[in-house]
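Me: Please take me through this model by setting each value against the definition behind it.

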Amino acid sequence: MMGALTSKPYSFTARPWELKDTDTVDVMDGMGASIKLQTKGGEVMRVVPRENDAINEEWINDKTRFAYDGLKRQRLTRPLVRSVEKPGSWDSTGSNWRGAFARIKTALEKQRAKGGSVRAVCGPSTDLYSALALSDFANQYADVELESLGSTGGSLGADITSQYRFNSTILGIETADVVLLVGTPLAAESPLLQTRLRKMFLHGEMDVYSIGMPSDLTFPIAQAGLTPATLVDIAEGRHPLCAKLAEAERPAIVVSSQIYKRQDGEALKGVIETIAAKSGNFRQYDKETGELVWNGVNTLHHNANDVGLLDLGRCQPFDDSADREAADVLYLLNVTAADLPVPIDQLIGPNTFVVFQGHHGDELASRADVVLAGAAFSEKNGVYVNFEGRAQLARNAIVPPVDARVDWKIVRAMSEACADLPLAYDTEEEIHERLASLVPTLECRGKVSPSILPEQLLGADYAKIAASTPGDVDCTPFRPAIHDFHLDGHIIARSSQTMAKASQELGDHSNFLPIAQ
């Protein structure tokens, strides 16, 4: 029997000629796949791939394709202000934009009068326009830096972009002959990258090894180890894989950004740099021009704008130290409870004034004093940078619901209502110009911008510096960043009934294999 595969959620909801197409980018993971949003009457009806050989070819993953129904559920559609007389309920008369900004202004004036603290935090999938606006406001008003819940850039800072990017590029990884995966459940973190590796393995042109939790990649891989101790063995030349890496023409190592959040993250970075330096062929240069022609040291990010927020250079890593006191005023931009590495009660004290800005509500929104209804990725223009360093523009296909507004415009309006000097941009063209002055990757939007190597700024002795990074490697096994592919990674997926059903029905099937005794 032969027949066409059809999309069950889309079936009998619209005719193809009724749909309006909008080219944009996916925000469900760090790859930034090229997609097309098909809309009808202000509602997203279908998500389909756009062909882009450099990123996703003609594919998208199931979460990208089917999570769009989450755009309609648990949405924040208008600003909310908590009642002063009845803190357990919202103020029905003051819950508007004027009332929300007035309440925030009062809270900031009280904080400034008593010398209290302000804290601003953005989620890992925040677009760069919004992150820049909040960073400018926080720095201008309270002289504090924006904190990001995304990946860390490493001890050398965001100027050295090669230490946190996927340097081989998505297309270039197909030319590798030996790939070592470190701490990444690849099928969950980046399914489309998995398909590229599988394709080259089936062609007989690539061998894949893994260190970490065994996972089902739908093709055979060699398990080299479970803990960071295996990395140390490779770095010191005691592991059988050393010979394989030394003989490879184009070896690559793919490291999950999650492992750099460990206590021994910097030590692990030094170990990986030692492996690359000793093998000698992870970074290859043209003999005549001296230009870098191959960089096989890669960091894999699973959030939509981890690399973009690092490229921005205006965000510091989220401070999750247990001894940090709760702030007097806490501003959360596109942050969800699932993103937090600390308990909510550690972040929010009994007297903390909380401003929550986002497009979906969750436990954090219910704890807020003021809720500012923002726009989802399908409802605003925004800049995202995928894990290889490719800046892309996401375009709005529909308008925000009811009284919700575009995020950076909310911050701009708030600066005018709360600060003596409002932010110095009014239009999207002006904020884009401001962003371009800070993020050089925007100059080659749609293409991978050249990465800056450590030796370019630190000299040829960088390998010695990295190898001597202080701190011992902890032999605790690597833990996966994503446990449930269908629900983890984005609030839209967690709000999707389709994804919830998929998670429930596929709950007995795990991406992770049992560890052999």
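**Confidence, domains and one ion pair**

Reply: The protein averages a pLDDT (the predictor's confidence in each residue, from 0 to 100) of 88, and 92% of the residues score at least 70. Over residues 512-517 the pLDDT is below 50, although this stretch has 13 contacts (heavy atoms within 4.5 Å) beyond near neighbours in sequence. Where pLDDT is low, the predicted coordinates should not be read in detail. This is a predicted model, in which local features need pLDDT of at least 70 and side-chain atom pairs count only at pLDDT 80 or more, while totals for chains, interfaces and linings use all residues. Residues are numbered from 1 along each chain as its sequence is written, and side-chain values use heavy atoms, with hydrogens and water left out.

Me: What makes Lys199 and Glu57 a salt bridge?

Reply: A salt bridge requires a side-chain nitrogen of Lys or Arg within 4 Å of a carboxyl oxygen of Asp or Glu; the closest N and O atoms of Lys199 and Glu57 are 2.9 Å apart, so the pair meets the rule. Lys199 lies in helix 5 (residues 191-202; helices being DSSP runs of H or I, at least four residues, and strands runs of E, at least two, numbered from the N terminus). Glu57 lies in the loop between strand 3 and helix 1 (62-66), so the pair ties together parts that are 142 residues apart in sequence.

Me: How do you know how much area is buried between domain 1 and domain 2?

Reply: The bounds, which come from an automatic or database domain assignment, give domain 1 as 8-72 and domain 2 as 80-154 + 306-442. Buried area is the accessible area (1.4 Å probe) that two parts lose on being put together, summed over both, and here the value is about 1500 Å², with carbon and sulfur atoms giving 65%. In domain 1, Val25, Val27 and Leu71 lose the most area to domain 2, together 33% of what that side buries.

Me: How many salt bridges link domain 1 and domain 2?

Reply: The count between domain 1 and domain 2 is 0.
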